[in-house]
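Open the model in your viewer and keep a selection box ready. The stops below say what to select next and what is there.

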Amino acid sequence: MNLKPFADSPFQIRISFHVLITRLEEQAALKNGMRSAMAQEILDEIEPYPELREGITDTEILVQHTDIIKRLTADIFPAVLTLNEIKAISVPFQDVLFNPTKRLQNIIAAAGSAFDIYIRDFTEHQVYVSTCCIIMNEFYGTDFNFSRPWFYDIPDAKGVMKHYRILYNADFMDLMPTPNAPVLTAEDIELLRDNYDDLNLWKKYFPKDSWILKGFAILTMFDATVENAVSALKGTLLGASYGNNLKDKILDVFRSIYRLPDLNIGFTAFNDIENTLSIATFNPDLKSYLLPDHVEDECLEDLCGQSLGKLVEEKTYFAIADIAKFLQSDPGNVMAQRFSDQGVKSLILAPVVKNGHLLGIIELVSTKVGELNSINANQLENVLPYITDTIDRQYSYMQNQIQAIIQDEYTTIHPSVYWKFRKEAQKFIRYRGLKQDYVLKEVTFHDVYPLYGQIDIKGSSETRNKSVQLDLQQQLTALIPIIEQLHISNKDSDAEQHVRNLQEYVMDVQSSLRADTEQQIQNYLELNIHPLLKQVDGLPVKTKAAIEKYFEQAHKEGDFHQNRRKYETTVAMINEKMALLLDRAQIQAQEVFPHYYERFKTDGIEHNLYIGSSISPAKNFDISYLHNLRLWQLQVLCEMELEHHYLKPYLPYPLDVTSLILAFSLPMSIRFRMDEKRFDVDGTYNARFEIVKKRIDKAVIKNTTERLTAIGKLTIVYSNHDEEVEYKNYIRFLQSQKMLEDEVEMLDVEDLQGVSGLKALRVRIRYNTSLPVRKFFTYTEMQQQAQSIVS
């Protein structure tokens with residue numbers, strides 16, 4: 001076997017004992033007693049083997065001289081310590097071990113014949129440069145610090161990976177150049193210093209076999225499994241992606257620390273607000289042994305009773321060395337039984353506590369009795385602080401995600417204006433850090449232009465009332481014969497009166513539906529009829545069956561809610577389709593010029609747009625962006641109408657929609673109302689715009705009873721001549737694109753409360769049903785067209 005496992009090395013390696021032999025000769029020359037005599041005796045024994053002094057290049061020869069080498073190195077490898085020390089003869093950075101102590105032999109034997117020992121994370125490049133640095137430090141007086149911890153990772157007989165730190169003693173080695181070794185200048189050394197990664201450069205100045213390494217090193221190892229595991233855990237957690245791979249790495253660390261190959265880990269989160277245990281939100285794949293697979297959260301008291309009181313309240317470890325024995329003393333313990341059902345025989349539960357708050361519980365479990373106990377539970381102190389910090393970071397990350405979801409789904413702050421909220425929040429945090437008071441200022445945007453539009457579901461109120469009437473009529477009609485049967489069976493006079501009341505309710509819902517009719521009937525049924533139906537003792541089987549069927553149909557998913565469900569599904573389908581289309585179209589519009597956008601779902605979709613330089617001060621705003629956004633709004637409403645046209649045949653109720661745009665050309669200010677968590681117009685004059693928005697959808701054409709909005713038509717409400725001219729230009733453009741019909745109605749709007757003088761344009765939308773999908777212009781194309789139209 002060659003002594004150079006790596007293909008290239010600047011060293012010619014010669015295992016030699018010349019330094020040790022020289023020291024023995026010096027000791028023998030003293031002739032001062034027993035030690036000198038012993039030294040001379042060893043010298044006499046090795047005299048027939050000059051290669052021990054001159055150097056050996058083949059390990060086979062070393063093997064042949066095993067006995068004499070043991071005799072020669074007896075002082076530095078004492079037999080009395082062979083079962084204690086982990087030592088061997090070696091060469092720095094080479095995975096060659098010779099004359100190992102008995103303990104090292106046992107360690108390698110336990111790893112198995114298939115195990116191949118090598119230094120962890122030490123590449124051929126690193127070996128080559130490190131050996132070159134040894135030469136420069138020794139011969140050229142440099143001080144290149146290339147030291148780093150070196151480890152052997154060796155599994156034990158159980159398969160648990162153990163980590164051994166490597167130390168080298170090079171007192172018995174000499175370094176000599178060959179004639180082929182180049183002489184380095186100061187410039188050469190500087191060049192090498194600045195080019196660690198250029199292996200070819202290092203090989204140029206330190207060619208292969210250009211130096212002789214003569215002698216041997218003493219390799220000493222010590223078990224650093226726990227320290228290494230903690231260090232590895234810190235590195236893993238710092239760069240964690242929190243997936244299954246992380247779980248496996250952490251599991252390996254715990255198995256190394258506890259030296260238990262079948263150890264497993266779990267984690268259960270704790271919610272101190274609700275006092276419940278739950279699956280870890282930051283990693284749902286992380287198993288919880290405390291909670292069964294089908295349970296997401298559970299009350300702490302229901303699960304643990306008094307068992308975990310010490311852990312939760314005092315935040316100390318809780319260990320059970322023998323779960324079966326524990327259950328014998330406390331057979332009703334739900335927690336212990338749950339672990340037992342999963343094959344766990346011993347366990348340690350450790351609290352994860354940060355700043356006095358319990359974040360969760362780490363679960364260490366074993367399938368063997370006694371392997372985990374109150375004594376080795378204390379080993380967690382080495383790693384728990386790092387795991388706690390990591391879980392705390394994950395909780396903080398999750399809280400940020402939760403806040404983002406709440407903001408997106410419940411209290412939206414649109415990205416176009418988020419910068420101003422962030423700026424104000426940064427001021428607040430800065431002043432708080434200085435321990436100074438700071439009152440958050442209201443967020444206001446001045447000189448912005450508003451755009452308002454809506455798609456309203458026509459006849460939604462009438463359809464809902466009709467669906468309620470049909471459902472109530474069906475429910476009451478089914479209920480009357482059941483109550484009549486109760487009257488016959490029980491001779492109950494109250495039942496007779498209930499029958500008359502129900503018959504009156506049937507007549508009420510057949511004629512018309514008042515605002516409180518539905519609630520009034522439901523209250524009557526809940527308070528008077530349903531308690532009566534639940535007293536089924538002594539009733540005929542047929543009547544009991546009828547009552548059971550009635551309650552099934554009265555459930556929210558039952559037949560007595562069928563028409564209301566159809567109505568709700570219809571409204572939801574229309575709203576979802578319209579909202580999705582509008583949101584997608586907005587993405588493209590925002591790219592041209594950022595503007596504030598919000599939409600609302602009612603019986604249809606309303607949207608507000610505000611555009612101006614104050615919303616995006618980093619961009620140059622001019623009025624053409626407003627014109628383009630108005631044209632975009634018109635096209636999107638046409639597209640939404642078309643989408644509804646295709647959707648209508650698939651609706652449970654074939655409801656129609658109407659479209660409306662409100663034009664307003666004066667800039668205004670909008671202010672974020674802290675109490676309502678939304679933007680609103682700022683100032684008394686600007687409030688006129690909000691008043692018109694709230695009342696315009698119920699407006700009628702002047703001197704008529706005809707509603708201003710109409711099915712199949714797009715209505716644009718405006719107040720001055722300039723707006724009329726601008727929108728007529730947009731209409732002509734959309735007519736040229738076959739999106740609107742040719743006829744345009746010019747209408748006056750009946751005066752609204754506090755508002756008069758409004759006018760309207762109304763034009764029919766063209767539905768090209770011969771094409772499944774109509775092509776629309778991109779925003780850039782519309783912008784170019786709009787520029788030419790406006791100019």
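Begin with an open sheet of four strands, in the order E2-E7-E4-E3 with antiparallel pairing. Its edge strands are E2 and E3 (150-155), each of which pairs on one side only. Ignoring direction, neighbouring strands of this sheet are turned by 30° against each other on average. Strands here (E, at least two residues) and helices (H or I, at least four) are DSSP runs, numbered from the N terminus. Two strands count as paired if DSSP finds at least two bridges between them. Strands of a sheet pair through backbone hydrogen bonds, either parallel or antiparallel.

This is a predicted model, in which local features need pLDDT of at least 70 and side-chain atom pairs count only at pLDDT 80 or more, while totals for chains, interfaces and linings use all residues. Residues are numbered from 1 along each chain as its sequence is written, and side-chain values use heavy atoms, with hydrogens and water left out.

**Stop 1: strand E7 and its partners**

Select E2 (residues 86-90) and E7 (residues 217-223); five bridges join these antiparallel strands. Ala88 stands opposite Leu219 in E7. Now add E4 (residues 161-169), which pairs with E7 in the antiparallel sense over six bridges. Here Asn169 faces Ile218 of E7, and Arg165 stands opposite Phe222 of E7.

Which helix lies across E2, E3, E4 and E7? Select residues 102-111: this is helix H6, which runs at about 90° to E2. Axes are lines fitted to C-alpha atoms, for helices over the stretch in contact, and angles run from 0 to 180 degrees between N-to-C directions.

**Stop 2: helix H1**

Select residues 18-30, the 13 residues of helix H1. At 1.5 Å a residue H1 should span 18 Å, and its end C-alpha atoms are 19 Å apart, which agrees. The expected span is 1.5 Å times one less than the number of residues.

The buried residues of H1 are His18, Val19, Leu20, Ile21, Leu24 and Ala28. Buried means under 20% relative accessible area, exposed means over 50%, and partly exposed is in between (1.4 Å probe, protein chains only). The cover over these buried residues includes helices H2 (34-46), H3 (51-54) and H5 (66-72), together with strands E5 (173-177) and E6 (211-215).

Next select Lys31, in the loop between H1 and H2. Its phi is positive, about 45°, although Lys31 is not a glycine. Most residues other than glycine have a negative phi, and most peptide bonds are trans. Is Lys31 buried or exposed? Lys31 is exposed, because its relative accessible area is 73%.

**Stop 3: helix H7**

Select residues 124-139, the 16 residues of helix H7. The expected span of H7 is 22 Å, and its end C-alpha atoms are 23 Å apart, which agrees. Buried in H7 are His125, Val127, Tyr128, Val129, Ser130, Thr131, Cys132, Cys133, Ile135 and Met136. What covers them includes strand E1 (11-15), E5, helix H8 (186-193), helix H9 (199-205) and E6. Just after H7, Gly141 takes a positive phi of about 70°.

**Stop 4: Arg259**

Select Arg259, in the loop between helix H11 (244-258) and strand E8 (264-271). Arg259 is a residue other than glycine with a positive phi, near 55°. Its relative accessible area is 42%, so Arg259 is partly exposed.

**Stop 5: Asp559**

Select Asp559, in the loop between helix H21 (541-554) and helix H22 (562-592). Asp559 counts as partly exposed because its relative accessibility is 37%. Not counting residues up to four places away in sequence, Asp559 touches Asp471, Gln474 and Gln553. Such a contact means heavy atoms within 4.5 Å. Asp559 and Asp471 are 88 residues apart along the chain, and their C-alpha atoms are separated by 7.9 Å.

**Stop 6: helices H22 and H23**

Finally, select H22 with helix H23 (residues 623-647); the two pack at an angle of about 155°, their axes 10 Å apart. That makes H22 roughly antiparallel to H23, a label for angles over 145 degrees (under 35 is roughly parallel, 65 to 115 roughly perpendicular, the rest oblique). To see the meeting side chains, select among others Met573, Leu581 and Val592 in H22, and Tyr625, Trp632 and Leu647 in H23.
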